[in-house]
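Here are a few short exercises to work through with a viewer open. Try each task yourself before reading its solution.

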Amino acid sequence: MARGNNGNLLQHAVEAQIAQELVSRSVDDLHVVLTHSMAPSERFDPRRTGASPNRRLQAALTTAQATPGPCSADPAVLHAFRDLRARDEDYPNSARIVASITTRKRLCGVISEIDAGKAASLRTDWRCTRLQVCCGSWRSFVSDFQPPAHAPYSWLISMDPNTWVTDGSESDDEQLRQSDLNLMLPVFEDYLRSNQAGAIAIFCYELRSMATNSSYGLFRDAIAAAASTLQAAISAPVHHVFLEANGHGGNRHVGGLISADLSLLNAVTQACLPLL
């Protein structure tokens, strides 16, 4: 969903930069798993009183379109925004942004979208490519998220739910829970065991930092615990970092990144921080 706020910038800056770092190191395909899609492009939601801040996103869009040509010093997402002519009325989804970095020819994998109309648009957008579109809840397609049989390749798993909740349920909705991380941990482990370069990016929005029941702290703790579990499972170092953007009323949009490659995480962090 294109909320049109700094959370969109956080997610797409990270995804684009991971793609840029991976394709710059290798001529291999980039295999993606994108669990929460949207239409190929969408209008931003109308701005309402109390809406999440969007100043950083608007600045990035303005900078991208004001610059006549590519600049090697730009973060990757600015190249993507410029190439796709991203704007409020026509804001691209993750698959288009990543493909603008990799080229469509080098992109393969799976994206899921629960809205049937949007899924149909995605299938049209990605016809005659190696990107599979699944219509329905991402939880129904975990078996499709396995690493490809061929190697070498690089990979990106990106999860873009709404926010982190601890209601104890296992509802099949737009939120993210510990049960969802548990469901995906075997998938994460398989990719990390593949010895192919890649990263996991998990985004949650409008996280509250409070003295008790802090969704901000609980989400960060869950990502750290997942990285620790994965490290124990593969008996090799697994690293994690966080990138953040301003939400509404002091809330935070947070991206948790996990990878066996610390240099990849450091490069992504260094490139994205000035935008956020």
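**Exercise 1. Burial of two glutamates**

Task: In this predicted model, classify Glu-206 as buried, partly exposed or exposed.

Solution: Start with the number: Glu-206 has a relative accessibility of 26%. Next, bring in the cut-offs: buried means under 20%, exposed means over 50%, and partly exposed is in between. Glu-206 therefore counts as partly exposed.

Task: Now do the same for Glu-21: is this residue buried or exposed, and which residues does Glu-21 touch?

Solution: Locate Glu-21 in helix α1, which spans residues 6-25. Its relative accessibility is 16%, so Glu-21 counts as buried. Leaving aside residues up to four places away in sequence, Glu-21 touches Leu-264, Ala-267 and Val-268.

**Exercise 2. Backbone surprises**

Task: Look at the phi angles of Glu-206 and Ser-235, and place each residue in its element.

Solution: Keep the usual case in mind: most residues other than glycine have a negative phi, and most peptide bonds are trans. Glu-206, in strand β7, has a positive phi of about 50° although it is not a glycine. Ser-235 also is not a glycine, yet has a positive phi of about 55°. Ser-235 belongs to the loop between α7 and β8, and at 67% relative accessibility it counts as exposed.

Task: Which two residues are joined by a cis peptide bond?

Solution: Check omega between Ala-151 and Pro-152: the value is about 5°, and the bond is cis. Pro-152 sits in the loop between β5 and β6.

**Exercise 3. Reading the sheet**

Task: What is the strand order of the open sheet of seven strands, and why is one side of β5 and of β8 left without a neighbour?

Solution: Trace the order first: β5-β4-β1-β6-β7-β9-β8, with mixed pairing. The strands β5 (130-135) and β8 (239-246) stand at the edges and have a single partner strand each, so one side of each lacks a neighbour in the sheet. From one strand to the next, the twist averages 15°.

Now zoom in on one pair. Strands β7 (residues 198-207) and β9 (residues 252-259) run antiparallel and are joined by six bridges. Within this pairing, Ile-202 stands opposite Gly-256 in β9.

Task: Which strands do helices α4 and α7 meet?

Solution: Helix α4 (residues 94-102) packs on the sheet and touches β1, β4, β5 and β6, with its direction at about 170° to that of β1. Helix α7 (residues 215-234) lies across β7, β8 and β9, and runs at about 5° to β9.

Conventions. Residues are numbered from 1 along each chain as its sequence is written. This is a predicted model: local features need pLDDT of at least 70, side-chain atom pairs count only at pLDDT 80 or more; totals for chains, interfaces and linings use all residues. Side-chain values use heavy atoms; hydrogens and water are left out. Two strands pair if DSSP finds at least two bridges between them. Helices (H or I, at least four residues) and strands (E, at least two) are DSSP runs, numbered from the N terminus. Axes are lines fitted to C-alpha atoms, for helices over the stretch in contact, and angles run from 0 to 180 degrees between N-to-C directions. Contact means heavy atoms within 4.5 Å. Buried means under 20% relative accessible area, exposed over 50%, partly exposed in between (1.4 Å probe, protein chains only).
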